[in-house]
Amino acid sequence: RIINVEELRKPIGRRSLLKAGGFVAASGALGAVWALVTGTGGGASTSGSVRRRARWIKTVVRPTLGETNADYKRFSGKDIFAIYMQLKTQRDGAGSFEAEQASKAKRLVEWINERKPGFSLPDQQLSEGAWTVMRSARPGTGLLSWTRSSARTPTELSAPRYAASPEEMASTVKAAARLYGARLVGIAPMNESYVNLQVPPEDEKEKDKDIVIEDVDVPAVTDTKFVIPRKMKWVVAIAIPMDLDLLSRSPTALGDAASALGYSHSAFVVSSLAVFIRGLGYEAISRVNDTAQSIPFALDAGIGELSRLNKLVTPEFGPAVRLCKVFTDLPMAYDKPVDFGLVKFCKTCKKCAEACPSRALSFDDEPSFKTK
């Protein structure tokens, strides 16, 4: 059946939970309980789960729009969030970025005192509160630790680690992700080309750390590098929808609150899922925006398609999602990329390019990855 987006937004009540559990138990398919309870996932799966997407979402061999592995190379990643500063300095000279930031800070104070809609004190603090979880989640430590687990391991429980078919493994992990708050979930193969070369420091006094992929048994974070085990061949790609009412108020503090909550929710989901996977007896690395590119993994996992926006667009929630991922060595059935007609549509629509205030989007009829 075609999924009703509003239906996906509804929380699962106790009655629905019991009803789903009873139905599946009666059918004898105990392993499908979680999939029924948690509803629709993302991606067009080979995992045999019970989720359904619209009939016009087709599976394809490779993403409808994307570079080939031969053309896509690892890059630093540390300048992703600082590129505007570099471009501003290059165009307007040294100190221009700092001057702009100081001017923005002054205007913000004025708008707070004026109680300007979208920038009042409650609006501003709503955004600050929404950032709470994400700002406390540093890469590789604390909530986003690569090794910490609050769950007892199978060894500590005197039990063997969890074993099942790749299809059942995928359904189980996706169901857990949905329970923690993911709305779209897919499984993609690890592609080392998507992994960044470095992680930028949180403190200016610290040095950049290299991200390396090595033949080791467990992940590690040292003073000089982040180590990803090469045996981690599976990536759980996750999409978290953002509040459309708040997003429509961008670029105010209310719009920022939607983005902030998406990030904080993402950190919670991937950290919870990583602990779950470790509790089954496997290794897991929880990631939000850092360490690797989220969009390519989401494309490979069938979460959505790449668009003229240069963002991932999902059939269910459009581009209004935050992406995150978990690397793991838990063997699962991979999902496939999808084609729901977006690339073909983007070739002729161009409304987003026409509406873009900074004219940053291309008007070309055919997509290209070549910069001008």
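Two residues are taken to be in contact when heavy atoms of each lie within 4.5 Å. By this criterion, and with neighbours within four places in sequence left aside, Lys88 is in contact with Gly93, Ser96, Phe97 and Glu100 in the predicted model. Lys88 itself belongs to helix H4, which spans residues 83–92. Its relative accessible area is 14%, and because the limit for burial is under 20%, Lys88 is classed as buried.

The interior of the model was examined next. The largest nonpolar core comprises 34 residues, and those with the most contacts inside it are Val236, Ile238, Leu273, Ile277, Leu330 and Met332. Two or more residues are given to this core by each of helix H8 (166–180), strand S3 (184–189), strand S8 (234–241), helix H10 and strand S12 (321–328). Helix H10 supplies the largest share, with nine residues. In soluble globular proteins, nonpolar side chains tend to be buried together.

Within this core, Val236 was considered individually. Apart from neighbours within four places in sequence, Val236 is in contact with Val173, Val185, Gly186, Ile187, Leu273, Cys324, Lys325, Val326 and Met332. Two of these partners, Leu273 and Met332, are also among the residues with the most contacts inside the core. A second core, separate from the one described above, has 30 residues and includes Trp146, Leu184, Val195 and Ile285.

Helix H10 was then described along its length. The helix runs over residues 253–279, 27 residues in total, and extends 39 Å from its first C-alpha to its last. This span is close to the 39 Å expected at 1.5 Å a residue. Most of H10 is covered, with 22 of its 27 residues buried. At the start of the helix, a side-chain oxygen of Thr252 comes to within 3.2 Å of the backbone nitrogen of Leu254. Beyond the other end, H10 is followed by Gly281, which has a positive phi, near 110°.

A further site concerns Phe363, which lies in the segment after helix H13 (351–355). The relative accessibility of Phe363 is 39%; because this value falls between the 20% limit for buried residues and the 50% limit for exposed ones, Phe363 counts as partly exposed. With neighbours within four places in sequence again left aside, the contacts of Phe363 are Arg308, Lys350, Ala353 and Glu354. For one of these partners, Lys350, the separation from Phe363 is 13 residues in sequence, while the two C-alpha atoms are 6.5 Å apart in space.

Methods. Residues are numbered from 1 along each chain as its sequence is written. This is a predicted model: local features need pLDDT of at least 70, side-chain atom pairs count only at pLDDT 80 or more; totals for chains, interfaces and linings use all residues. Side-chain values use heavy atoms; hydrogens and water are left out. Helices (H or I, at least four residues) and strands (E, at least two) are DSSP runs, numbered from the N terminus. Buried means under 20% relative accessible area, exposed over 50%, partly exposed in between (1.4 Å probe, protein chains only). The expected span of a helix is 1.5 Å times one less than its number of residues. A polar contact is a pair of N or O atoms within 3.5 Å; within protein, one must be able to donate a hydrogen and the other to accept it, and residues adjacent in sequence count only if both atoms are side-chain atoms. A nonpolar core is a set of buried Ala, Val, Leu, Ile, Met, Phe, Trp, Tyr and Cys residues joined through side-chain atoms within 4.5 Å.
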